[in-house]
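Let's take a walk through this one, from single residues to rings, helix pairs and backbone oddities. Have the viewer open as you read.

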Amino acid sequence: MIPMVLFVPALIGGAGMVVDVGQVYIAQNRLQGAVDAAALAGSMQLPYDPDMEVGKVEQAATNLMTENYPSATIVEIVPGGNVRSVCVKAEVAVDLDLMPVLGVDQKIVTASACAGFNNLEIAFVIDSTGSMKGTPMDKTKQAALDLTDLVLPTGGSAAAKVGLVPFRGKVHLPGGYDGLPEGCRNVDGSLDEGFLDEYKDKKYRYPKNSWLRVDDDTCSGISLTHALTTEKSQITQAISALSAYGVASGTVISEGVKWGRHVLTPEAPFTEGSEDDKYRKIMIILTDGDTEDGECGGRFAVGYTPSNYWTNAYYGAGETESHCDNGGVLNQALLDEASLAKNEEIEIFSIRYGTSDSVDIDLMKSIASSKPDTDDHYFNAPSTSDIDDVFKHIGQQLGLRILPAAEAGYTG
């Protein structure tokens, strides 16, 4: 007969294993939650510290790690190797209660997490009317370039696509996408051929019998729309070429939103958008104007007709009744186009630059994809100095995602 005393260590060891495995399991889950939160905190600083060279990312990750699990030790906080991301690895020593009888005092538990930018398709929908020329456009271009650099790091993998839709009273498309040559598009999709001959009749002129005050070409000065691409050099060149100079054609924001939707969806005329549900489709709209033409009043109204506003997407299609006025046809068109975009699972961030009345602010808030009872997708940028920070705040929201280590390129 084997003495009972020989069974005691085995019995204690077996019971200890059950108890201590439970402790290790709890510690593992807590540590994983802590490194997840730390990685997300770090990713929120990537717009301000994209290459992790100024310490903002590391400090944010460290602070949250310390707050959530002070007894854990950070092993490393490093950039991901592929997409723009931050990866955090930590460990903690778990003191065992009963396993020491078998000579095991501690168990080292490790966990890692990465967070950042991947699987994004972004369309910048930018107001390029004359009121944006100079510093406003320069600041907008730089902010868009910085965000592009964030989601398409040089040398990184193709985890994001970026496109561009500049708009005024219409948009300017390259040839080959919708079966039409390069040129501007009317609201009905037809090729905008400039001021229509029928509007040359004297009955449209104010003052009566005045000279026509319309340029033949209000299209070529509008920067070209650019399809979604993973080629950083292509899209940065297109953004850098953005211009607010040239003759006017009004401000029809709904046309920008419409073509932003076309750029982001996989259906023709643009087909570069992915059908894969893993992609988060983002439209970032910035405008400083009311959705309007010269008949609408306001600071850009003109006291005569016809004017260059008669060459926007509506007049180009022979439609002369669609004036904005607050609550008018063009405002409703904007709401309708935003609704169509949201139905395609497109997330809209709207930016109102400059000063505006409550009607236009409410309109931009309405088209944004904000969570209920919030304005988290609407941004107000009263001055040019606010534009950069607004884009960085949007970048923070886009980078708030836990990534699989393999996608981030992390092997730690």
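In this predicted model, His393 comes out as partly exposed, because its relative accessible area is 32%, which falls between the 20% and 50% cut-offs. The residue belongs to helix α8, which covers residues 384-398. If you skip the neighbours within four places in sequence, His393 touches Tyr48 and Phe379. As for Ser358, 35 residues away along the chain, its C-alpha atom is separated from that of His393 by 23 Å.

Now hop over to helix α1 (residues 7-43), where Leu31 is found. Is Leu31 buried or exposed? Its relative accessibility is 0%, so Leu31 counts as buried. Its contact list, again without neighbours within four places, runs to Met65, Tyr69, Ala72, Ala90, Glu91, Val92, Val109, Thr110 and Ala111. Ala90 sits 59 residues from Leu31 along the chain, with 7.6 Å between the two C-alpha atoms. Tyr69, one of those contacts of Leu31, also has a charged visitor: Arg30 lies over the face of its ring, 3.9 Å from the ring centre.

For the other end of the accessibility scale, try Ala406 in helix α9 (residues 405-408). With a relative accessible area of 68%, Ala406 is exposed. Between its C-alpha atom and that of Ala61 there are 20 Å, and 345 residues along the chain.

**Rings**

How many aromatic pairs does a search of the whole structure find? The search turns up 9. One of them joins Phe195 and Tyr199, a tilted pair with 6.1 Å centre to centre and 55° between the planes. Both Phe195 and Tyr199 are buried. Tyr199 also pairs with Trp310: the ring centres are 5.0 Å apart and the planes stand at 90°, so this pair is edge-to-face. That pair bridges distant parts of the chain, since Tyr199 is in the loop between β7 (183-185) and β8 (226-229) while Trp310 is in the loop between β9 (280-287) and α6 (329-343), 111 residues apart. Trp310 is buried, just as Tyr199 is. Zoom out a little and you get one aromatic cluster made of Phe195, Tyr199, Tyr204, Trp310 and Tyr315.

There is another charge over a ring to look at: the charged end of Arg213 sits over the ring of Tyr304, 4.2 Å from its centre.

**Helix pairs**

Two helix pairs are worth lining up in the viewer.

| Helices | Angle | Axis separation |
|---|---|---|
| α5 (residues 253-264) and α6 | about 15° | 8 Å |
| α3 (residues 135-151) and α4 (residues 232-240) | about 170° | 9 Å |

The angle of about 15° between α5 and α6 makes the two roughly parallel, and their crossing is left-handed. On the α5 side, the residues that meet α6 are Ile253, Ser254, Val257, Lys258 and Arg261; on the α6 side they are Ala333, Leu334, Glu337, Ala338, Leu340 and Ala341.

What about the directions of α3 and α4? With an angle of about 170°, α3 and α4 are roughly antiparallel to each other. Here Lys141, Ala144, Leu145, Thr148 and Asp149 from α3 meet Lys232, Ile235, Thr236, Ile239 and Ser240 from α4.

**Backbone oddities**

Why bother with the next few residues? Because most residues other than glycine have a negative phi, and most peptide bonds are trans.

Which peptide bond has an omega near 0°? The bond from Tyr206 to Pro207 does, and it is cis. Pro207 is in the loop between β7 and β8. A cis bond also runs from Thr305 to Pro306, with omega near -5°, and Pro306 is in the loop between β9 and α6.

Then there are the positive phi values. Asn209, located in the loop between β7 and β8, has a phi of about 65° although it is not a glycine. At 49% relative accessibility, Asn209 counts as partly exposed. Asn119 likewise has a positive phi, near 55°, and its place is in the loop between β3 (106-116) and β4 (120-127). Asn119 is buried, though, because its relative accessible area is 11%, under the 20% cut-off.

Notes:
Residues numbered from 1 in each chain as written. Predicted model: local features only at pLDDT ≥ 70, side-chain atom pairs only at ≥ 80, totals over all residues. Heavy atoms only, no water. Helix = DSSP H or I, 4+ residues; strand = E, 2+ residues; numbered from the N terminus. Buried < 20%, exposed > 50% of the residue type's maximum accessible area, 1.4 Å probe, protein only. Contact = heavy atoms within 4.5 Å. Phe/Tyr/Trp six-rings, centres within 6.5 Å; stacked < 30°, edge-to-face > 60°. Lys NZ or Arg CZ within 6 Å of the ring centre and 35° of its normal. Axes fitted to C-alpha atoms, helices over the stretch in contact; angles between N-to-C directions. Parallel < 35°, antiparallel > 145°, perpendicular 65-115°, else oblique. Left-handed = near helix turned anticlockwise from the far one by under 90°.
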